Structure formats: C-alpha cells, structure tokens
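Visitor: I have a structure open and I'm not sure how to read it. Could you walk me through it, one feature at a time?

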Amino acid sequence: MPITPENTWEAVSTIRAQAPLIHNITNYVVMNSTANALLALGASPVMAHAREEVEEMVSAASALVINIGTLSPPWVESMTSAARKAAERRIPIVLDPVGAGATSYRTRTVRKLLDAVAPTIIRGNASEILALAAAEKGRTKGVDATEHSSRAVEAARRMSERYGSTICISGETDFIVSRQVLLGIKNGHPLMARVTGLGCTASALCGAFAAVNPSFALAAAQAMAIMGVAGEMAAEISPGPGSLQLHFLDILYQLTEEDLVRRMRTSPGAG
Amino acid sequence: MPITPENTWEAVSTIRAQAPLIHNITNYVVMNSTANALLALGASPVMAHAREEVEEMVSAASALVINIGTLSPPWVESMTSAARKAAERRIPIVLDPVGAGATSYRTRTVRKLLDAVAPTIIRGNASEILALAAAEKGRTKGVDATEHSSRAVEAARRMSERYGSTICISGETDFIVSRQVLLGIKNGHPLMARVTGLGCTASALCGAFAAVNPSFALAAAQAMAIMGVAGEMAAEISPGPGSLQLHFLDILYQLTEEDLVRRMRTSPGAG
Amino acid sequence: MPITPENTWEAVSTIRAQAPLIHNITNYVVMNSTANALLALGASPVMAHAREEVEEMVSAASALVINIGTLSPPWVESMTSAARKAAERRIPIVLDPVGAGATSYRTRTVRKLLDAVAPTIIRGNASEILALAAAEKGRTKGVDATEHSSRAVEAARRMSERYGSTICISGETDFIVSRQVLLGIKNGHPLMARVTGLGCTASALCGAFAAVNPSFALAAAQAMAIMGVAGEMAAEISPGPGSLQLHFLDILYQLTEEDLVRRMRTSPGAG
C-alpha cells in the first residue's frame, strides 16, 4: 500500500479520535517536547521508567517507544522488561538508537535490546543506523547525523531482514526500509536540525501512527511525512529555532488534509 | 473566607513581594515548565531530589511540592524524607498523585506517602483522586483525566476527613474540597489539556499560594483560579498548544487585578 | 587580549563553522533548554551521564560542562570520571556550582570536584562563588543570586589563584576574574532572571567558546557577552518570560557582528 496524503490524513484522524496511549521510555532532554508533540498530534503520552511499573504501564498502552538518549543501567533493564511485555502483547515497539556508535555502551545496549526483542520500527539517522548494522566501524559525532541517509539504506535492508523491523532513516530525504518496501519522504527543513530532539519526536510519532495502523512501514512513512510537513510549515514562518518549536506544535495541532495534499513529497524508491 | 478576586490578587502580590522558595521533587517531564511557571508567578523554585540534601533543602523552603510523575524507588525515599521534614517544620506539603491508579506501583507509593505524612493539599484529576480514595477500582488511562471532576467530590470528602488535607480536583470545573469547604472554579480552557504538565504546574502554584496563605483551602482555590484565568487568557490568543505555553508564562508574569476581577468564575458549591 | 565585538564575532563564526561537540553532564531542569541554546549558537550538544560511557563520550568532545543542579551520588561519580578524562585530554572543563551553599551536599560535592580536577572556568552567581570560596559562611537562598556580583570578586580572585581557573560571576554586571584579568560585562536584562536555567545556559556557552578559544578568560567573557546581548535583545521584544525564551533562541541563531558592535558593554575593571 503506497503512502498518500489521503491515507496519512486518515491515520491522523484516527489518532485524534482514539488518542492512543503511547508509553515512552525516553531521554531526559526530550521528555517534555515529545510529550507535547504527541499531545499536539492527538495521542496520549505517558512517561514511566521504573522497573516496578513499566510492565503494567505498557499493558495499558497502544505502543511503546524506547529511546536511549540518556542511558543508564537501571533504565536499560526497564527498557528490556517493557519491550518483552510489549512483544508479548503484540503492540508496536519503536526503538530510537540515539547516539549508537558514539560510545560502545550505547551500541552494546542497542544490540542487547535488539537481541531481547525485535522492534517493530527502528528510527535513527544514517550514522546511527550504520553503527547499528556494523556496516561501518566509523563513530558518530555526538548524536548528529554526519552521514547521508542514502548511504545507510543498504545497512537498513540487512537489519530489516535480520530483525523483521521497519527501518526509518531520517535525513534530508527520509528512507523507510523494510523487506518489501523502500519509500522516500522529501519533506522537512534544515532549521529543524537546530531544535534538540526533533528526531526523538519523530520516533514518538512513529509510535502513535503504528498504534493505529497495522501496516508498520506505512505507519513509519506517515509519521515521517507529518514531521516533515509540520516542520517545514513551521520553519517557513520561523526566524529561528525558538519559533520553530512553538510553530511546530501549533501546526501539528491544526494540520489539515489540505496541508498534506499540498505538501507531501514522497517517492517509492531511492528518492 | 470565600475566594474573591481581591484576596486572590493580594496573594499574588505577596508571592511577588516575598518570592517564597518552593522545593519541588517532581517528574522529569515537567521540571523545566513548572520552574518557569513558578518564576513567572514571582516565586522562587528549587528542584532537588537526592536523599543527601532534601531535608536540608526543605529546611530553607516555604513549601514542598511532591509529584510522582516519573517515580523510582530512590525518589520515593527522598519524597518521604522531605515530607517528614516539611511536616516537622510545619510548612505546606502539596502532593500531586500523577497517574495514581494507572499502575499499582503509583497507587501503592501514594498510599505510602499518605501514611507517612498527611499532605496539606492533594491536587489531581478526578481519576487520580478516585483511584486514591479507592472509591472506584477502575484504572486511570495513563495520566489523563477520564472521569468528570464532580464524580470525585464524594471521594475527596472522605480523603479530606481521613487526612485533614484539602483536596483539589482539577477538571472542567475545579473542585476544592475540605471538611468545611466546597468551592468550584470554572476558569480554564480545553486547549490547556494539550500542553503536557499544566496539572503539575497547578500543583506547583498551589505550593506557592500555600506558602503565603495559611488558609490552605483558600490558597488551593486561588492557585486554581490563577491557573484557569492565565490559561484561558493564553488559549484565547493561541492557535495551538505551542503558543499556549508561551502566552501562559507571559500572562502569569503580567497578570493584573483587573484580569482577575473580569474573569474569575467561582462558586461556593457543586459548581 | 581585551574583549572586543570583533574577536567575539570571530569566536561565534568559528563555533558556527566547526560545531564543536560540547558534552554536558547537567541537571534535569535545563537539559532541553541548554541543548537548544548550544544548537542555536551553532555548537553540537550531547548529554550523557552514565559511568559506562562518560569517558568515551568526553573523548569525542571539545569541551565538558558539569552542572550540579540536580545532583545525586551516581552522577557525582560520573562527573568526576568525566572531568578526569577531560583534564587528561586537555579539553576545557566548565563547572557550574548551581546552589552551592544551599545545602552542604552541594558545597561538599563541588569541593570534591575541585579537588579532583581544576576546572578551566567556574561560572556561578555571587552567592555560589562566595559559598565555594568559603569567604562567607552564609547560605544561598535556593539557586538564585542574592548577593551582588561585585562582592564576590575578591573570593573569585582567591579561587582563581588556588585552582588556576577563570571565575565568571554572573549578575547585573558579570565579572570575569583570573589571576591576570578582570573584566566586566554589563549586558543583559532583569527579565532573564524569570526564565529558569539561563545561568546554566551561560555555563554551556562558556564551554562552546572555550572549545574554540584557548584564551579561557576571553572565552568566558565572550560567552557572557553573547548571553547578555542576546538576552537583552530578546527581553526588549518580550512581554514576559515565555516570549523571552523563544526570542533568545531565535536571536542567538540570527546574531550578527553588528548586534555585537552596537550593544556590547564591557569594561576592563570593577565595572
């Protein structure tokens, strides 16, 4: 099923109508901004990380989003328990391997998570995906994307085959890679890279779309299209990154089908 | 003493003049936004959670705000120590039972805190208050309010009798319940629910008002009135939740007595 | 070398061109806002605190910023390890002693950090610097500045002699104190005190400037000048602290040499 403005709008409408509960175990930097993005979209966020409650919380959720941005051992334990429970309940699991490759601890942790439970969707930048796939031994520089997203497509294909996951590589063109599908999304704006955590927000939105759409590659593509469209609409009226953050939330909240029809630029291929 | 725009304004002026130090042990999601709201109001926030320092920090504070939004065992220990110290010093303690009922860990923790120290004010949504009072065995869905606030008034009355606390149930109408008092506040705007943590902000403001007003039911009512007035003024000029956050802080900072006189809608009863 | 708009602009341009990676071990309240300020300036922030990865992360960084705002023992351990590694690699270390003096745990921790590694730059308000220098036994009230920055200059001079650090005392006039240098920066605006964490942001910017400028006293002065200029430009168009936050990031992103030439007010002396 190809991504279209119409099916993307339908998914947005379903999220707004159902307000699916998205359980996030995420990093300290973006907890506030991702919760706000999920609320602006129409989903219902909850953040909980204690081993004492993650399994019960995930049992009430429609999707689990795991983000390793500010890791520590107790959090890794909770992520693993929550992911196992989510897999048992067959709800979608989104993994954001923030900074994979930047330290061996992050790379090791992601591999451990991958060995425990195959995520439904893995969303990262090209450096992170390359690091994960060990397609390249290079290190990421912090948590920024330093590789072109197209270079990571081959690595993503291999990961997708191994784990059965949809891999979403964000960049100037976002690539959605699964065994059967390769989609490119060309929305977005360079100013978005000057706001911390918009990649993490993209992962959270993948969770919301996957919660209402059993076709996970399509869900990931729809989430990235919404990010890109809202981001570029926000950037066009923003003199800087402070304004962009504000307008991004306003636009996510106000988004119409017409915005999607007018702006979505997707391609079924290497983009 | 009934709530009036005049006594509410007097409390705001006292907060601005005295800048009471409000010690918050709160969740990761809202630390930044509640600190900013306290600063915009004129109070002086501090966040500290280490067992090594909470007692000393609370000794310098004029109120303690405990919020269980992103719990874990070491935090619960610190919350308990800080609450005991606050009780010993007879400074107000505000408890925000975020997500009580959503997991047994949260419900259990709140009960443990309640057994250790009776809070001055408990502020939650109707689901949380109902969960706490065990008036209903139903689960809250995440941390959103799924129950009408009026349904929780009876439960709040029982909790107030048991703990001697003022119970503040936020919702379309906010109810302030204590053994002697029932107040309804009808300010606010639906868009506020699309900004994460405005409930937590309300609890923090309860701390600031209780710090300067020994009549705690009145203090809670004043805090909710300020939240509602600033929130509805912000919502009226905001196309979405991003703008609302910004305007909410600006308006909290600029609020005048006239705004209160013109907007406050309170009622001494079931609202 | 005196601070000038020209050499400050040159430093800004270098940061924009090189995007130095700034490793922050900082408090929960400001992680998002300091990451955004570093991004708006043109630097590349990373937040990481796990003992398992801080040494490796600091090995990729161009500066380390340590901020004790929401301390706990595992974080102190990581701060110490990271600082040792940074010293070994001879990259600049900025220490922000948030709330030093407010609790003995904070004061003790800062002294422990100082004993382990001499920071390149220590940036705090007058109360914090006085508490550190033990020049005064008085307690700080929360984390606000309650002392005039000029009173702390003598204490800063002694600390600078003892640790070889540049001491930056922020206040209405910011003082940059080292063994050879005393500079005053008179930019800024009172509304900035109503936004949480702008002091922490100043420390993070000190890290970015020190990463590209081996003259650390000059780097600290340039960082404070940029904070003050962007802050006052933002405040002038902001009706309250919500707007200030947004405009501050926009202006940091858009800042021009002309802004610096027109606004910077520095003095080589007691200001």
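**Starting from one residue**

Guide: Let's begin with C:Glu232, which is buried, with a relative accessible area of 5%. Keep in mind as we go that this is a predicted model.

Visitor: What does "buried" rest on here?

Guide: Buried means under 20% relative accessible area. At 5%, C:Glu232 counts as buried because that value falls under the cut-off.

Visitor: In which helix is C:Glu232 found?

Guide: Look at α9 of chain C, which covers residues 216–236.

Visitor: And what does the side chain of C:Glu232 reach?

Guide: That side chain reaches the backbone nitrogen of C:Gly188, at 2.9 Å. C:Gly188 is also one of the residues that C:Glu232 touches, once you leave out those up to four places away in sequence. The others are C:Asn187, C:His189, C:Met192, C:Arg263 and C:Arg265.

Visitor: Let me try a loop next. Where is C:Val117 found?

Guide: You'll find C:Val117 in the loop between α5 (104–116) and β5 (121–125) of chain C.

Visitor: Is C:Val117 buried or exposed?

Guide: Buried, with a relative accessible area of 10%. Setting aside residues up to four places away in sequence, C:Val117 touches C:Ala83, C:Arg84, C:Ala87 and C:Ile93. You can also compare sequence and space: C:Val117 and C:Lys85 are 32 residues apart along the chain, and their C-alpha atoms are separated by 9.6 Å.

Visitor: Now chain A. Where does A:Leu71 lie?

Guide: A:Leu71 lies in a loop as well, between β3 (63–67) and α4 (73–89) of chain A. Its relative accessible area is 0%, so A:Leu71 is buried.

Visitor: Which residues does A:Leu71 touch?

Guide: Not counting residues up to four places away in sequence, A:Leu71 touches A:Val76, A:Met79, A:Tyr105, A:Arg106 and A:Thr109 in chain A, plus C:His49 and C:Ala50 in chain C. As for A:Tyr28, it sits 43 residues from A:Leu71 along the chain, with 9.4 Å between the two C-alpha atoms.

**Stepping back to the whole chain**

Visitor: How many helices and strands does chain A have?

Guide: Chain A has 11 helices and 9 strands. To judge how such a chain is packed, set its radius of gyration beside a rule for globules. For chain A the radius is 17 Å, close to the 18 Å that the globule rule gives for 271 residues, so chain A is as compact as a globular protein of that length.

Visitor: What box do the C-alpha atoms of chain A fill?

Guide: Taken along the principal axes, roughly 45 × 40 × 35 Å. Within chain A, buried residues make up 68% of the 271 residues. Then look at how far apart along the sequence the contacting residues are: of the contacts with a separation of 6 or more, 70% are between residues 24 or more positions apart.

**Where chains meet**

Visitor: How many residues of chain A are in contact with chain C?

Guide: 31 residues of chain A, and they meet 29 residues of chain C. An interface can also be read by area: about 2500 Å² is buried between chain A and chain C, with carbon and sulfur atoms giving 56%. On the chain A side, A:Tyr28, A:Val29 and A:Arg194 lose the most area to chain C, together 22% of what that side buries.

Visitor: Which side chains meet in a salt bridge there?

Guide: Those of A:Arg106 and C:Glu53, at 2.8 Å, N to O. The count between chain A and chain C is 1 salt bridge, and there are 11 residue pairs in polar contact. The elements that give two or more residues to this side of chain A are α5 (104–116) and α10 (241–254). Of the elements, α10(A) gives the most, with 5 residues. By type, that side divides into 14 nonpolar, 12 polar and 5 charged residues.

Visitor: And how many residues of chain B are in contact with chain A?

Guide: 31 residues of chain B, in contact with 29 residues of chain A. Chain B and chain A bury about 2500 Å² between them, 56% of it on carbon and sulfur atoms. The salt bridge to look for here joins the side chains of A:Glu53 and B:Arg106, at 2.8 Å, N to O. On the chain B side, α5 (104–116) and α10 (241–254) each supply at least two residues, and α10(B) gives the most, with 5 residues.

How values were computed:
Residues are numbered from 1 along each chain as its sequence is written. Chains are lettered from A and ligands numbered from 1 in the order in which they are written. This is a predicted model: local features need pLDDT of at least 70, side-chain atom pairs count only at pLDDT 80 or more; totals for chains, interfaces and linings use all residues. Side-chain values use heavy atoms; hydrogens and water are left out. Contact means heavy atoms within 4.5 Å. Buried area is the accessible area (1.4 Å probe) that two parts lose on being put together, summed over both. A salt bridge is a side-chain nitrogen of Lys or Arg within 4 Å of a carboxyl oxygen of Asp or Glu. Helices (H or I, at least four residues) and strands (E, at least two) are DSSP runs, numbered from the N terminus. The radius of gyration is taken over C-alpha atoms; the globule rule is 2.2 Å times the number of residues to the power 0.38. Buried means under 20% relative accessible area, exposed over 50%, partly exposed in between (1.4 Å probe, protein chains only). A polar contact is a pair of N or O atoms within 3.5 Å; within protein, one must be able to donate a hydrogen and the other to accept it, and residues adjacent in sequence count only if both atoms are side-chain atoms. Ala, Val, Leu, Ile, Met, Phe, Trp, Tyr, Cys and Pro count as nonpolar, Asp, Glu, Lys and Arg as charged, and the others, Gly among them, as polar.
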